[in-house]
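Hi,

Here is the model I said I would pass on. Have a look at it first, and then read my notes underneath.

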Amino acid sequence: MHHLLLAALQEVVSKDIKQRGSNITEERLRIDFMCDHKLTDEEKKKVEDLVNEKIKEHLNVVRREMPLAEAEKLGAQMEFGAKYPEVVSVYFIEDEKGSQFSKEFCGGPHVSNTSELGHFKIQKEEAVAQGIRRIKAILE
Ligand SMILES: [Zn+2]
């Protein structure tokens, strides 16, 4: 799902990557993100591998409601340019010990454990505008 993808992009490509929009169903996802270059085949492979590794780790997906200011203080990922209410839902993807791979503002809903997801595969990575790239991926 998209939280794993964004976190993987940040780990593999650049920690500065920000999401610019998304379109998600159960079987496929599409996210737009700010990035200054076309992803290399190696980067795409690493992103896929990392997402699949996290799926296999059976991480918990936990939703917590909190004031916007608190979520910002935690450094939760938010969509660039989006407006948020005063109380927001933040989804944490974490292991049993509470070590977090991802924390992100989102309306959800989502699976409660990454083990419910299929095998993640990037189908397409393309430019949609100057400095903005789009990834289309599936969970099969
Ligand atoms: Zn989400």
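Two residues count as in contact here if their C-beta atoms, placed from the backbone, lie within 7 Å. On that rule, and leaving aside neighbours within four places in sequence, V51 touches L4, L5, A8 and F120.

Some housekeeping before the rest. This is a predicted model, where local features need pLDDT of at least 70 and side-chain atom pairs count only at pLDDT 80 or more, while totals for chains, interfaces and linings use all residues. Residues are numbered from 1 along each chain as its sequence is written.

Helices (H or I, at least four residues) and strands (E, at least two) are DSSP runs, numbered from the N terminus. Strands pair if DSSP finds at least two bridges between them.

The first sheet

One open sheet has 4 strands in the order β1-β2-β7-β6, with antiparallel pairing. β1 (18–24) and β6 (120–129) stand at its edges with a single partner strand each, so one side of each has no neighbour in the sheet. Neighbouring strands are turned by 20 degrees against each other on average, direction ignored. Angles like this come from axes, which are lines fitted to C-alpha atoms (for helices over the stretch in contact), and run from 0 to 180 degrees between N-to-C directions.

β1 and β2 make a hairpin with 3 residues between them. They run antiparallel and are joined by 6 bridges, and N23 has R30 in β2 as its bridge partner. On the other side of the sheet order, β6 and β7 (residues 132–139) also run antiparallel, with 8 bridges; there A127 is partnered by R133 in β7.

The second sheet

The other open sheet has 3 strands, ordered β3-β4-β5, and its pairing is antiparallel as well. β3 and β5 are the edge strands, each with a single partner, so one side of each is left without a neighbour in the sheet. Its twist averages 25 degrees from one strand to the next. Between β3 and β4, which run antiparallel, there are 8 bridges, and R64 sits opposite V90 in β4.

Helix α1 and what surrounds it

α1 is the element I would look at on screen. Helix α1 (residues 2–12) lies across β1, β2 (28–34) and β7, at about 35 degrees to β2. α1 also lies across β4 and β5, running at about 115 degrees to β5.

How much of α1 is buried? Of its 11 residues, 8 are: H2, H3, L4, L5, L6, A7, A8 and L9. Buried means that 20 or more other C-beta atoms lie within 10 Å of the residue's own, exposed means 12 or fewer, and partly exposed is in between, with C-beta atoms placed from the backbone. The cover over these residues includes β1, β2, α2, β4, β5 (100–105) and β7.

α1 meets α2 as well. Their axes come within 9 Å and cross at roughly 130 degrees. The two helices are therefore oblique to each other; on this scale angles under 35 degrees are roughly parallel, over 145 roughly antiparallel, 65 to 115 roughly perpendicular and the rest oblique. The contact is made by L4, L5, A8, L9, E11 and V12 of α1 and by E43, K46, V47, L50, V51 and K54 of α2.

The core

A nonpolar core is a set of buried Ala, Val, Leu, Ile, Met, Phe, Trp, Tyr and Cys residues joined through C-beta atoms within 7 Å. The largest one has 27 residues, and L4, L5, A8, L9 and V51 have the most contacts inside it. The elements giving it two or more residues are α1, β2, α2 (41–56), β4 (87–94) and β7, and α1 gives the most, with 6.

Two loop residues

H58 is in the loop between α2 and β3 (60–67). Its phi is near 55 degrees, a positive value in a residue other than glycine. H58 is exposed, with 12 other C-beta atoms within 10 Å.

V111 lies in the loop between β5 and β6. V111 counts as partly exposed, with 15 C-beta neighbours inside 10 Å. Leaving aside neighbours within four places in sequence, V111 is in contact with M1, V61, E116 and L117. The C-alpha atoms of V111 and Q100 are separated by 16 Å, and these residues are 11 apart along the chain.

Cheers
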